[in-house]
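The exercises below are meant to be worked through with the structure in view. Try each task before reading its solution.

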Amino acid sequence: MGKVILVTGAGRGLGTDIVREALAAGHQVVATGRRSEEVEKSLGGPQDNLLVTRLDVTSLEDAKAAAQAAVDRFGRIDVLVNNAGNFFAGYFEEITPAQMRRQIETNLFGPMNVTRAVLPVLRKQRAGHIITLSSSAGLIGQEFCVAYAASKFGVEGWMESLRYDVEPYGIHTTVVEPGFFRTELLVDASTTWPEPTIDDYAERTIATVAAWKNMNGRQTGDPAKLARALLAIADQDKPLLRFVAGADAIEGVEAKARELLAQVQASRELGDNLAYDDTTA
């Protein structure tokens, strides 16, 4: 039986792939984006099982309107896919406080807004699934990614804790950590590239921007396959709580896990002796 799936950031990249794959699988889809006419154009025009509606994820009012439109058209929402996001690249000192706030506003508070709007529908149904796109950068700090990683590490903590809030009402959660996929994240419409402003960083900034721009379109991950994998997770009776997507992400997370275990072992001698000892008072 088909599901009603609401997808944010459906105007390009992975969002478009998720919508196309969901429609092909017989689902009813609410495709959202900041410019709804461009979303509809990218998906090939009006379709019976498709509702296109405006949604800027930084606006809670937009999110509430999109959730209501979904219920008005299809009667329910079964799956929310928090896909919309952007990327402020650069070294910390060259990212302005305003840019850092905009990064977190979109990548963390954005999915929170949409989830806040959809949750009353899912609770009333006593069923639903929230899938939120994080990144391998949500688990592994990386050079030139300080703002993006901060936002995605926030997504990780929020989603991991949200599970316990909503599980009693039959609502599942999945956080997705892709590696490098051809998702258009590195195109200029999604990425804000830094200007070299500090001499110490200038050479590294210029080289890193050039390398990353050259990478765009050559990433190893296939977004259509990722979209199909997400739909497969949405069909699971007990969906994965965490989906590490792509060989590069799996390798990186395994290395991070080994590093964490090594740090735990190195901390044990100090950590085991930190309990309060009232015999010394």
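**Exercise 1: two helices**

Task: In this predicted model, describe how helix H3 and helix H4 pass each other, and which residues meet.

Solution: Begin with the axes, since those of helix H3 (residues 60-74) and helix H4 (residues 97-125) come within 8 Å and cross at roughly 35 degrees. The next step is the sense of the crossing, and here H3 passes H4 in a right-handed manner. Then look for the residues in contact: from H3 these are Leu60, Ala63, Lys64, Ala67 and Val71, which meet Asn113, Val114, Arg116, Ala117, Val118 and Val121 in H4. Sorted by class, this contact of H3 with H4 has eight nonpolar residues, one polar residue and two charged residues.

**Exercise 2: the sheet**

Task: Find the order of the seven strands in the open sheet, and say which strands stand at the edges.

Solution: Reading across the open sheet gives the order E3-E2-E1-E4-E6-E7-E9, with parallel pairing. Strand E3 (50-54) and strand E9 (242-245) each have a single partner strand, so one side of each is left without a neighbour in the sheet, and these two stand at the edges. On average, neighbouring strands of this sheet are turned by 15 degrees against each other, direction ignored. At the E9 edge, strand E7 (residues 171-178) pairs with E9 in the parallel sense over four bridges, and Val175 has Arg242 in E9 as its bridge partner.

**Exercise 3: helices across the sheet**

Task: Which strands does H3 lie across, and which does helix H5 lie across?

Solution: H3 lies across strand E1 (4-7), strand E2 (28-33) and E3, running at about 160 degrees to E3. Helix H5 (residues 146-166), in turn, lies across strand E4 (79-82), strand E6 (128-133), E7 and E9, and runs at about 160 degrees to E7.

Note on methods
Residues are numbered from 1 along each chain as its sequence is written. This is a predicted model: local features need pLDDT of at least 70, side-chain atom pairs count only at pLDDT 80 or more; totals for chains, interfaces and linings use all residues. Side-chain values use heavy atoms; hydrogens and water are left out. Axes are lines fitted to C-alpha atoms, for helices over the stretch in contact, and angles run from 0 to 180 degrees between N-to-C directions. A crossing is left-handed if the near helix is turned anticlockwise from the far one by less than a right angle, and right-handed if clockwise. Contact means heavy atoms within 4.5 Å. Ala, Val, Leu, Ile, Met, Phe, Trp, Tyr, Cys and Pro count as nonpolar, Asp, Glu, Lys and Arg as charged, and the others, Gly among them, as polar. Two strands pair if DSSP finds at least two bridges between them.
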